[in-house]
Amino acid sequence: MQTLGRAEESVHVEAPPQAVYDLVADVTRTPEYSPEVDQVVWLDDGGPRVGARFRARNWVPEDSRFSWHNKPIVMAAEPGREFAFARTEPFAGTIVWRYRFEPEGTGTRVTESYEVARPIGRIGWFVIGTLGRDPDRMTTMREGLRESLQRLKRVVEAEAASSP
């Protein structure tokens with residue numbers, strides 16, 4: 001069995017913290033920058049507030065036939081500072097995803113992290129490794145952190161450049 005533990009990556013984005021937060025906290029835009037998230041919709045009248053839920057569809061980019069849904073719950077929603085949510089899936093434990101936004105020069109230092117709050121069970125690892133064809137999930141997730149931050153940077157900076 002693999003272990004995921006915790007990982008984080010950071011990137012400088014040339015935009016104010018509030019602009020970066022606004023994009024991340026609008027979870028319906030996650031597919032614009034996440035390499036594994038295909039679709040997100042708010043549930044329960046949604047919106048970026050603690051306790052709000054959303055439904056996400058994830059997929060394996062190398063095999064678009066393998067996808068799964070989860071229903072995360074927002075754990076932190078501090079405009080311009082932090083946005084976090086936890087997702088729990090049957091047999092796949094609980095993972096907390098967190099974004100922190102810190103002013104840095106004329107822009108923002110964005111840190112994305114995940115932390116396993118409840119480990120993935122044996123059945124979950126079987127599904128990930130066999131059906132999901134991901135024998136090294138830790139590496140995939142760490143690469144996903146880097147890729148999502150680079151995509152996020154491109155999206156936010158393009159929007160900042162096009163606004164008056």
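**Exercise 1.** Which side chain does the side chain of Glu82 join in a polar contact?

Before we start: this is a predicted model, where local features need pLDDT of at least 70 and side-chain atom pairs count only at pLDDT 80 or more, while totals for chains, interfaces and linings use all residues. Residues are numbered from 1 along each chain as its sequence is written, and side-chain values use heavy atoms, with hydrogens and water left out.

*Solution.*
- Step 1: place the residue. Glu82 sits in strand E6, residues 82–88 (strands are DSSP runs of at least two residues, numbered from the N terminus).
- Step 2: check exposure. Glu82 is buried because its relative accessibility is 16% (buried means under 20% relative accessible area, exposed over 50%, partly exposed in between, with a 1.4 Å probe and protein chains only).
- Step 3: find the partner. Arg98 and Glu82 form a salt bridge, with their closest N and O atoms 2.6 Å apart (a side-chain nitrogen of Lys or Arg within 4 Å of a carboxyl oxygen of Asp or Glu). The pair links distant parts of the chain, as Arg98 belongs to strand E7 (residues 94–104), 16 residues apart from Glu82.
- So the answer is Arg98, whose own relative accessible area of 28% makes it partly exposed.

**Exercise 2.** Find the salt-bridge partner of Asp38 and say how exposed the two residues are.

*Solution.*
- Step 1: the partner is Arg57, with the closest N and O atoms 2.2 Å apart.
- Step 2: Asp38 lies in strand E2 and Arg57 in strand E3, 19 residues apart.
- Step 3: Asp38 is partly exposed because its relative accessibility is 34%; Arg57, at 27%, is also partly exposed.

Technical notes: Helices (H or I, at least four residues) and strands (E, at least two) are DSSP runs, numbered from the N terminus.
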